[in-house]
Amino acid sequence: MNNTAEPVTLLGLGAMGTALARAWLAAGHPLTVWNRTTSRAESLAAEGATVAATAAEAIAAKGLTVICLLDDASVRDALSEADLQGKDLVNLTTSSPAQARALAEWAQARGARFLDGGIMAVPPMIGTPHGYVFYSGSRELFDTHRAALAVPADTVYVGEDPGFAALHDVALLSAMYGMFAGVAHAFALIRKEDIRPTDLAGRLVDWLTAMASSVHQTAAQLDSGDYTEGVASNLAMQVAGSQTLLRTAEEQGISPELITPYLDLMERRLAGGHGNEDTTGVIDLLAR
């Protein structure tokens, strides 16, 4: 046991919470755990964790308190009976930016310092070099506990606003699901043909990897406000070409519902007289 490692309290022992717990135990951190279903704590107790009977009892222990529960409501329920005065709370429960800000205000009103986190990893990635966690909120809290927070996954601090970690988390996840939608459509197109999905997979990875670099150009155009900067294939050309995508889907008997929302936005932007731009302008159409 590393006697210099700071104590950590963890609320929540689902798949992610258990992975976090094992990372801290492996690094020699004295660990107190609580879970509503107590049986989930048994294996961790055998590995050296102290099991608290209640969330309030767990929070009363020394050191940093990390929360990894189902949702915002379960976090508030777990904290409701605890004395938070002088406590350092890090919430790794998935939430929206508004929920994170409200929880930060709620916790601070009860005397706690608060940091919100967005985990960019799945449980098997915890304790490896491949995952990381966005953090936002109290910079002082982050700096104080950075070594402990870095044990399960790398740390990326994104600002004092408690909602920024959740916003970064959801922004990246949203991009991921957009990519998944395109991949699903691509596989659907070949499903009835004599083309092996495993053969297409490598080509998809290569193409998407090459296209991913365009993110930097989009960001630069948003910063400058000039959506014609560095355009390789302008909006007019891309809208014209998109008709082939729709026709091919129809010929293959595939619903285009995964790609039409974006294509519709491109057409709307073109109708507004922006044919010489990149596709960046569709972002402006999303603001309500």
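**Aromatic pairs, helix H5 and two pockets**

Tyr135 and Phe142 are both buried, and they make a good starting point for a tour of this predicted model. Together with Tyr157, Tyr135 and Phe142 make up one aromatic cluster. Across the whole structure, a search finds four aromatic pairs. One of them joins Tyr132 and Phe134. Their ring centres lie 5.2 Å apart and the ring planes meet at 90 degrees, so this pair is edge-to-face, since an angle over 60 degrees counts as such. The two partners differ in their surroundings: Tyr132 is partly exposed, with a relative accessible area of 26%, whereas Phe134, at 6%, counts as buried because its value is under 20%. In the pair of Tyr135 and Phe142, the centres are 5.8 Å apart and the planes stand at 45 degrees, so this pair is tilted.

Attention turns next to helix H5, which covers residues 97-109. At 1.5 Å a residue, the 13 residues of H5 should span 18 Å, and the C-alpha atoms at the two ends are indeed 18 Å apart, which agrees. Which residues of H5 are buried? They are Pro97, Ala100, Leu103, Ala104, Trp106 and Ala107. In an α-helix there are 3.6 residues a turn, so residues three or four places apart point the same way. The buried residues of H5 pack against two helices, H4 (72-79) and H7 (164-190), and against two strands, E5 (88-91) and E6 (113-120). Just after H5 comes Gly111, with a positive phi of about 90 degrees.

The model also holds pockets. The largest pocket has a volume of about 2,200 Å³. Its lining counts 47 residues, and those nearest its centre are Leu208, Met211, Ser214, Tyr262 and Thr279. Two or more lining residues come from each of H7, H8 (197-212), H9 (214-224), H10 (235-251), H11 (260-271) and H12 (282-285). H7 provides the largest share, 13 residues. Sorted by class, the lining of the largest pocket has 30 nonpolar, 15 polar and two charged residues.

The second largest pocket contains about 450 Å³ of space. It is lined by 22 residues, with Gly14, Cys68, Leu69, Leu70 and Thr93 nearest its centre. Helices H1 (15-26), H4 and H7 each give two or more residues to this lining, and H1 gives the most, with three. The lining of the second largest pocket is made up of 11 nonpolar, seven polar and four charged residues. Helix H7 thus links the parts of this tour: it packs against the buried residues of H5 and contributes to the lining of the largest pocket and of the second largest pocket.

Conventions
Residues are numbered from 1 along each chain as its sequence is written. This is a predicted model: local features need pLDDT of at least 70, side-chain atom pairs count only at pLDDT 80 or more; totals for chains, interfaces and linings use all residues. Side-chain values use heavy atoms; hydrogens and water are left out. Helices (H or I, at least four residues) and strands (E, at least two) are DSSP runs, numbered from the N terminus. The expected span of a helix is 1.5 Å times one less than its number of residues. Buried means under 20% relative accessible area, exposed over 50%, partly exposed in between (1.4 Å probe, protein chains only). Contact means heavy atoms within 4.5 Å. On a 1 Å grid over the protein atoms alone, a cavity is a set of points where a 1.4 Å probe fits but cannot get out, and a pocket is an open set with protein on both sides within 12 Å along at least five of seven lines; lining residues have an atom within 4 Å of a point. Grid points are joined across faces, edges and corners, and a volume is the space filled by probe spheres set on the points. Ala, Val, Leu, Ile, Met, Phe, Trp, Tyr, Cys and Pro count as nonpolar, Asp, Glu, Lys and Arg as charged, and the others, Gly among them, as polar. Rings of Phe, Tyr and Trp (its six-membered ring) pair if their centres lie within 6.5 Å; planes under 30 degrees apart count as stacked, over 60 as edge-to-face and the rest as tilted.
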